[in-house]
Amino acid sequence: MASASKSGVSTIGVDLGGSHVTAILADEDGTTSHRSSYDITDLSFGAVVKLMSSAIHDVSAKAASVSAVGIGSPGNIDLRNGMVRYSPNFHWVNVPLGDELRSVFDMPIFIGNDARCATLGEHTYGSGRGVKNFVLLTLGTGVGGGIVAEGTLLLGNSAAAGEFGHHQIRATDGFICGCGKIGCFEAHASGTGLLRHALACAPSFPRSTLLGDKPYEVGSKTIRKAAEAGDSHALAAWTRFIDDLALGLANIIAFMNPDVIALGGGVSSAGDFMLNAVRPKVDELTTMAPKGAAKIVIASLGNDAGAIGAAVMARRGGMATSLP
Ligand SMILES: [Zn+2]
């Protein structure tokens with residue numbers, strides 16, 4: 001990408017992931033430059049705030065002028081003050097992320113959910129550009145999402161709209177989700193969901209070496225690559241994963257009737273291997289809208305979607321202009 005102009009006013013977007021924090025500098029036209037990234041080794045609130053502050057300092061030092069900072073954080077966020085109400089990844093409950101950063105930086109700070117930020121990024125500069133009804137699904141360790149309805153990012157009454165990961169697709173016999181429910185979409189159609197499928201069907205493949213000596217540490221990419229290479233155990237897991245992904249996608253189509261659903265997150269690196277498998281199954285399960293009318297594509301901003309979207313949020317003065 002081109003460098004952000006030294007003379008223009010930039011915003012900073014920060015993506016808080018489970019294992020790292022990344023800050024980028026972004027121009028008004030979405031071009032980015034100057035990034036700073038730190039690995040998170042201590043999940044405590046104070047330690048993470050310190051890393052975020054360092055990353056923001058690093059990139060702001062490179063800019064002529066910074067007007068605001070946007071932070072995409074996992075969890076449910078109170079958009080009025082930037083408090084993280086609940087973030088299972090960090091085991092945070094009601095932590096004042098916005099206030100802490102405001103005490104360090106003398107500029108507007110806006111906090112939003114990371115997947116909603118990624119949706120904003122993809123809709124403004126990526127796979128959802130110009131799309132009126134758009135859904136982003138991030139398939140990573142978990143499943144996040146966001147909805148653009150009639151051109152507007154949908155927030156809901158407590159900024160939780162788009163939590164597709166926790167709609168139940170197999171409520172009676174599914175995997176147990178990190179949220180405590182049974183059969184959530186996230187437990188079945190995330191990277192860890194693919195591993196769960198591989199573990200669940202392992203007894204049918206007693207000679208399989210797919211999961212090796214440390215089965216709980218096998219990455220989703222390893223299983224997907226083995227499926228692409230024709231490994232029967234991996235293919236069985238992959239087929240169940242695709243079935244469950246299709247089920248959730250068809251539900252989203254029934255609820256939202258979007259023009260485009262973009263698949264992001266680490267698992268989306270499967271590209272056409274995933275799209276070609278899932279599209280016909282979604283069509284089979286789509287009954288009340290024209291089959292194929294919702295285009296299913298791979299998101300285009302990659303790992304930067306969350307940080308770019310956070311910078312967009314900062315530029316527009318928050319995720320919403322009118323809040324309850
Ligand atoms: Zn859940």
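**Two sheets and an enclosed helix**

Five strands come together in an open sheet of mixed pairing, and their order across the sheet is 3-2-1-4-8. The edges of this sheet are held by strand 3 (32-39) and strand 8 (109-113); each has a single partner strand, so one side of each is left without a neighbour in the sheet. On average, and with direction ignored, neighbouring strands here are turned by 20° against each other. The model described is a predicted one, and the paragraphs below walk through its parts in turn.

A good place to start is the pairing inside this sheet. Strands of a sheet pair through backbone hydrogen bonds, in either a parallel or an antiparallel sense. Strand 1 (residues 9-16) runs antiparallel to strand 2 (residues 20-26), and the two are joined over six bridges. Within this pair, Ile12 finds its bridge partner in Leu25 of strand 2. Strand 1 also pairs with strand 4, here in the parallel sense and over seven bridges. In that pairing, Asp15 has Gly72 of strand 4 as its bridge partner. Strand 4 in turn pairs with strand 8, again in the parallel sense, and five bridges link these two strands. Ser73 stands opposite Asn113, a residue of strand 8.

Helices lie against this sheet as well. Helix 1 (residues 45-60) reaches across strand 1, strand 2, strand 3 and strand 4 (65-73), and its direction is at about 25° to that of strand 2. Helix 3 (residues 114-125) also packs on the sheet, where it touches strand 1, strand 4 and strand 8. The direction of helix 3 makes about 100° with that of strand 8. Strand 4, which is in contact with both helix 1 and helix 3, is mostly covered, with seven of its nine residues buried.

A second open sheet is built from three strands in the order 5-6-7, with antiparallel pairing. Its edge strands are strand 5 (76-78) and strand 7 (92-95), each of which pairs on one side only. From one strand to the next, the twist averages 15°. Strand 5 meets strand 6 (residues 83-87) over three bridges in the antiparallel sense. One of the residues involved is Asp78, whose bridge partner in strand 6 is Met83.

Attention now turns to helix 5. Of the 10 residues of helix 5 (residues 191-200), eight are buried, so this helix is largely enclosed by the rest of the structure. The buried residues are Gly191, Thr192, Gly193, Leu194, Leu195, Arg196, His197 and Ala198. They pack against strand 9 (134-139), helix 4 (185-189), helix 6 (220-228) and helix 7 (232-256).

Among these neighbours, helix 6 can be followed residue by residue. The axes of helix 5 and helix 6 come within 8 Å and cross at roughly 60°, which makes helix 5 oblique to helix 6. The crossing of the two helices is left-handed. On the side of helix 5, the contact is made by Gly191, Leu194, Leu195 and Ala198, while helix 6 contributes Ser220, Ile223 and Arg224. Sorted by class, this contact between helix 5 and helix 6 has four nonpolar, two polar and one charged residues.

Definitions and conventions. Residues are numbered from 1 along each chain as its sequence is written. This is a predicted model: local features need pLDDT of at least 70, side-chain atom pairs count only at pLDDT 80 or more; totals for chains, interfaces and linings use all residues. Two strands pair if DSSP finds at least two bridges between them. Helices (H or I, at least four residues) and strands (E, at least two) are DSSP runs, numbered from the N terminus. Axes are lines fitted to C-alpha atoms, for helices over the stretch in contact, and angles run from 0 to 180 degrees between N-to-C directions. Two residues are in contact if their C-beta atoms, placed from the backbone, lie within 7 Å. A residue is buried if 20 or more other C-beta atoms lie within 10 Å of its own, exposed if 12 or fewer, and partly exposed in between; C-beta atoms are placed from the backbone. Angles under 35 degrees count as roughly parallel, over 145 as roughly antiparallel, 65 to 115 as roughly perpendicular and the rest as oblique. A crossing is left-handed if the near helix is turned anticlockwise from the far one by less than a right angle, and right-handed if clockwise. Ala, Val, Leu, Ile, Met, Phe, Trp, Tyr, Cys and Pro count as nonpolar, Asp, Glu, Lys and Arg as charged, and the others, Gly among them, as polar.
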